[in-house]
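Work through these exercises with the model open. Try each task before you read its solution.

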Amino acid sequence: MAHVDEHGRNSAGILSNDSGLDAATLIDYYRQMALIRRFEEKCQEMYTRAKIGGFLHLYIGEEATAVGAIAALRPDDHIFTHYRDHGHAIARGLDINALMAELFGKVTGCSKGLGGSMHFADASKNFWGGYAIVGSHLPLATGVALGMKMQRKDSVVMVFFGDGATNGGEFYESLNFAQLWKLPVVFVCENNLYAMGTPLEVHSSVTEIYRKACAFDMKAERVDGNDVLVMREASLRAVEHARSGKGPVLLEAMTYRFRGHSAQDTQKYRTKEDIERHRRNDPIVRYRTLLLNEGIATEQQIRDIDRMIDDQVEAAVRFADESPEPGHEWIMQSGVYAAPIAVDPPIHGE
């Protein structure tokens, strides 16, 4: 089955039309997607071994959306995302040792072990984190975009969210304000067909999410989110539109999560047959096949990448295991507050 975007292109078509991407870059997209997959498979294993506490929301099946979209950004652009944030963090280039340590609650984690799975962040990469409250980060992303415009910077903000978030007031307020002020925001809705355990057609009267942008006369597009090159091309168009001062864009990336909403999800709301049907459209398998068929990568190169990734992920687990847990000093010295907390008068007469 051919998968095309609204411009009639799929990955093979993009390559044949001279995408301007060299082999090394094309192969690196595979590496990123495979690393996200292997990292998260290891996360599931560590969760069952009680190494990871709290909630764990896996991105398995949606890798092409994050890699393709983030590939369109510059280092000075900004990213906000939801609680299913591992894939975006890896695609942005955050250190997987720090990410695994964060999941383990260790002080060497990207948020010093205080945030866990839903709160990855790295200010040095303008990656402002995963947010646990559905839709809460949309106004924040819009606010940063306003700051960019007021400072006359040409940075763009990209914000990821799920289909369920498009039913909340934050979504409509953010789109309205962004379009009203022509802010440089790219809104990326990852439509994986379920809001937790609720099917799209049950929770939204409009099942084509991109059409919701018409209320604000905003540019919008539905994209095959399981095709990394199609996703990148659509994101490049959206980013260029936003960066040029023409205003925000809403991208609806059609994708599917192969695992449950969280690690403890029994998935009674969908059948095994439905999951298997979507697995036949696995974005990593599709892209690997493309690279091999087009002669961009060899079987040996793919095996070498997979082996390297296995070693990286195992090393991340060792790093997290061997890292210290946060001590009591985190209250005042963790960097959570802009300035150290002054204790006056001294506690207990100290």
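What percentage of the 350 residues in the chain do buried residues make up? Buried residues make up 51%. Here buried means under 20% relative accessible area, exposed means over 50%, and partly exposed lies in between, with a 1.4 Å probe and protein chains only.

Two notes on the source. This is a predicted model, in which local features need pLDDT of at least 70, side-chain atom pairs count only at pLDDT 80 or more, and totals for chains, interfaces and linings use all residues. Residues are numbered from 1 along each chain as its sequence is written, and side-chain values use heavy atoms, with hydrogens and water left out.

**Exercise 1. Take stock of the chain.**

Step 1. Count the elements: the chain has 13 helices and eight strands. These are DSSP runs numbered from the N terminus, helices being H or I of at least four residues and strands E of at least two.

Step 2. Check the reach of the contacts, where contact means heavy atoms within 4.5 Å. Take contacts between residues at least 6 apart in sequence: 74% of them join residues at least 24 apart.

**Exercise 2. Trace the sheet and find its edges.**

Step 1. Order the strands. Six of them form an open sheet, β2-β1-β3-β4-β8-β7, with parallel pairing. Two strands pair if DSSP finds at least two bridges between them.

Step 2. Find the edges. β2 (127–131) and β7 (219–224) each have a single partner strand, so one side of each lacks a neighbour in the sheet. From one strand to the next, the twist averages 15°. Axes for such angles are lines fitted to C-alpha atoms, for helices over the stretch in contact, and angles run from 0 to 180 degrees between N-to-C directions.

Step 3. Look at one pairing. β7 pairs with β8 (residues 249–254) in the parallel sense over six bridges. K219 stands opposite V249 in β8.

Step 4. Add helices. α3 (residues 63–70) packs on the sheet and touches β1 (78–82), β3 (157–162), β4 (185–191) and β8. α6 (residues 137–150) also packs on the sheet, touching β1, β2, β3 and β4. The direction of α3 makes about 170° with that of β3; for α6 the angle with β3 is about 170° too.

**Exercise 3. Explain why α3 counts as largely enclosed.**

Step 1. Count its buried residues. Eight of the eight residues of α3 are buried, so the helix is largely enclosed by the rest of the structure.

Step 2. Pick them out. Among them are E63, T65 and I70.

**Exercise 4. Classify two aromatic pairs.**

Step 1. Set the rule. Rings of Phe, Tyr and Trp (its six-membered ring) pair if their centres lie within 6.5 Å; planes under 30 degrees apart count as stacked, over 60 as edge-to-face and the rest as tilted. A search of the whole structure finds nine such pairs.

Step 2. Take F80 and Y131. Their centres are 6.1 Å apart with 25° between the planes, and the pair is stacked. F80 lies in β1 and Y131 in β2, 51 residues apart. F80 is buried at 4% relative accessible area, whereas Y131 is partly exposed at 22%.

Step 3. Take F161 and F187. Their centres are 6.5 Å apart and their planes stand at 70°, so this pair is edge-to-face. F161 is in β3 and F187 in β4, so the pair ties together parts 26 residues apart in sequence. Both residues are buried.

Step 4. Widen the view. Ring pairs link F161, F171, Y172, F187 and F216 into a cluster.

**Exercise 5. Describe the surroundings of H78 and A238.**

Step 1. Place H78. This residue is in strand β1 and is buried, at 8% relative accessible area.

Step 2. Find its polar partner. The side chain of H78 makes a polar contact with the side chain of W128 at 2.9 Å. A polar contact is a pair of N or O atoms within 3.5 Å; within protein, one must be able to donate a hydrogen and the other to accept it, and residues adjacent in sequence count only if both atoms are side-chain atoms.

Step 3. Place A238. This residue lies in helix α9 (residues 228–243) and is buried, at 1%.

Step 4. List its contacts. Leaving aside neighbours within four places in sequence, A238 is in contact with V186, V249 and L251. The C-alpha atoms of A238 and V249 are separated by 5.8 Å.
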